[in-house]
Amino acid sequence: MLGLMQDHPLLISSLLEFAEHHHGDGQIVSRRVEGDIHRYTWADVARRARQVANALDADGAAFSDRIATLAWNGYRHLEMYYGVSGSGRVLHTINPRLHPDQIAWIANHAEDSMLAFDLSFLPLVQAVHARCPNVRKWIALCDADKLPQDSGVPNLVSYEAWMGQQSTDYTWPTFDENSASSMCYTSGTTGNPKAALYSHRSSVLHAYAAALPDVMCLSARDSVLPVVPMFHVNAWGIPYSAAMVGCKLVFPGPALDGKSVYELIESEKVSFAAGVPTVWQMMLGHMKPGGLRFSTLKRTVIGGSACPPAMIRAFQDDYGVEVLHAWGMTEMSPLGTLCTLKNKHMEMSPEDRLAIRLKQGRAIFGVDMKIVDGDGQELPWDGKAYGDLHVKGPWVVREYFKGEGGDPLVNGWFPTGDVATIDADGFLQITDRSKDVIKSGGEWISSIDIENIAVAHPGIAMAACIGVHHPKWDERPILVAVKRPGAEVTREELLKFYEGKTAKWQIPDDIVFADAIPLGATGKILKTKLRETLKDYKLPGL
Ligand code: ADP
């Protein structure tokens, strides 16, 4: 017997319709590429997203056509999110930090038929347009009078001229909720990038989950700043969850330096912010010397790479801001776990509570996870056994776009490529990417643990731990460290700093000071590059 409830597909357009009807005057604030601050409301987003849909119809864009963006977080990008997906096309967000060759490859692989870009990325578009024959229209996200002349880019229009003339009347179509809504290529460091192809159903379910109290706890009372980019994994789904709860949204545009982000948080009374550790590092670096404080910021979700304990402590102890440590990936839309305490933890001492909050957290309803050994046997949840982390759920990939890379699943589970422990309360702790873990004398050393200790040293700004070949132990860890400006710290001092903080055999064999550590397109340390740079490095004494 089937249930007798109405059957409405879960569609992204319904999120925007809800925001318009129930939170029409809710604010959307954007720092624009032009430098000024733009303000309007959810009702305006809805009106202009309908114009985008009409413009796509006028251009003959077919259902499921890929429409790409190369854009910062801002109101026009938000209109594209809803106008493109809501009308049944697929929004393909491209990461502008990728190399032009990769961007051209991705745009061709996705068969993008139009591409909208912020003017900051005009040089990129100029570099790739000739290699993207499929793209029949290039849309500059700007006013008609700002459209660059003599750019050399064919079929170039300004966004405002393209959609501004269109009717604001449009009825969002109804279709199968399993239809593709958006796509994002993983910034794979080996082989060709592979695309996760999200559906309306997966995106709406993820939006519900992301807003839950034990996840981002989003509400109509919040002022939300996604520093995490809309060009990678849909800014962790915030553009969708924000419409679902009707919160105020604040977009930083291209200004991601500590000063600009801090000022926006203060001026727009931001209560909740989301970003990767490197962004917050820059902001705390800006705040500390001037003794600056937050007046409204309450919570921040940090993920994308391991959040150093020192950062969680600084936010909590120095600024009274709760850090929610999160783990996820492109293939998971991206949220998998988020760290919030349980009722039984409330009586614990602040130090014990903090020890739990340093982990990547508990699974969100909708995400099933397990850790397995090399033979695929499930390992216990005791907080000690570590193994390959596998996940499944309605917003986890089943297959990559165009079947790239074959069947990624193992008995229905997606292997994340991460190594983790899970404790008896279900708290996940990421030990490493499986390719970064250091295998020394049959034991595993977590590069994340070694890096976290280093960045807790007041003289160290950034650190990366990699394994180098050792004739006896197979691999030994070394640490590449960047000093804070003006800091005096020696190799011996830093090695001594490890004593008592980790097992002796896990202490790096050497410290290599560097001016900078290479970062990838999503702000993560590029260990492949680092290993390449250090390929002639020899361990001391060998
Ligand atoms: P890309 O696909 O571009 O590498 P993703 O954004 O999909 O980037 O990155 C996913 C990976 O990032 C995870 O598999 C994990 O290794 C790492 N990661 C994400 N969040 C955390 C975290 N909180 N702690 C440790 N590693 C993390």
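In the predicted model described here, I371 stands opposite L389 in β18. I371 belongs to strand β17 (residues 368-372), which is joined to strand β18 (residues 387-392) by 5 bridges. The two strands run antiparallel. Strands pair if DSSP finds at least two bridges between them. Helices (H or I, at least four residues) and strands (E, at least two) are DSSP runs, numbered from the N terminus. Of the 5 residues of β17, 4 are buried, so the strand is largely enclosed by the rest of the structure. Buried denotes under 20% relative accessible area, exposed over 50%, and partly exposed in between (1.4 Å probe, protein chains only).

Residues are numbered from 1 along each chain as its sequence is written. Because the model is predicted, local features need pLDDT of at least 70 and side-chain atom pairs count only at pLDDT 80 or more, while totals for chains, interfaces and linings use all residues; side-chain values use heavy atoms, with hydrogens and water left out.

Helix α9 (residues 238-245) is likewise largely enclosed by the rest of the structure, as 8 of its 8 residues are buried. The buried residues are I238, P239, Y240, S241, A242, A243, M244 and V245. G246 follows α9. The phi of G246 is positive, near 70°.

Internal space was searched next. Rolling a probe the size of a water molecule over the atoms shows where empty space is left. On a 1 Å grid over the protein atoms alone, a cavity is a set of points where a 1.4 Å probe fits but cannot get out, and lining residues have an atom within 4 Å of a point. Grid points are joined across faces, edges and corners, and a volume is the space filled by probe spheres set on the points. The whole structure holds 3 cavities of 30 Å³ or more.

The largest cavity has a volume of about 130 Å³. It is lined by 16 residues, of which R32, V33, G74, Y75 and D118 are the closest to its centre. Two elements, β1 (27-31) and α3 (75-86), give two or more residues to this lining. The largest share, 3 residues, comes from α3. By class, the lining has 6 nonpolar, 5 polar and 5 charged residues. Ala, Val, Leu, Ile, Met, Phe, Trp, Tyr, Cys and Pro count as nonpolar, Asp, Glu, Lys and Arg as charged, and the others, Gly among them, as polar.

The second largest cavity encloses about 50 Å³. Its lining is formed by Y198, S202, S203, H206, N234, G237, Y240 and S333. Helix α7 (residues 200-211) gives the most to this lining, with 3 residues. The lining has 2 nonpolar, 6 polar and no charged residues. Y240, one of the lining residues, is among the buried residues of α9.

V153 lies in the loop between β6 (137-140) and β7 (156-158). This loop residue is buried, with a relative accessible area of 8%. Not counting residues up to four places away in sequence, V153 touches L122, V125, Q126, H129 and W138. Contact here means heavy atoms within 4.5 Å. D418 is 265 residues from V153 along the chain, and their C-alpha atoms are separated by 42 Å.

Cysteines were examined last. A disulfide is a pair of cysteine sulfur atoms within 2.5 Å. By this rule the count is 0 disulfides. For C132, the nearest cysteine sulfur, that of C184, is 17 Å away. C132 is buried, with a relative accessible area of 2%. For C142, the nearest cysteine sulfur is that of C132, 19 Å away. C142 is also buried, at a relative accessible area of 1%.

How values were computed:
On a 1 Å grid over the protein atoms alone, a cavity is a set of points where a 1.4 Å probe fits but cannot get out, and a pocket is an open set with protein on both sides within 12 Å along at least five of seven lines; lining residues have an atom within 4 Å of a point.
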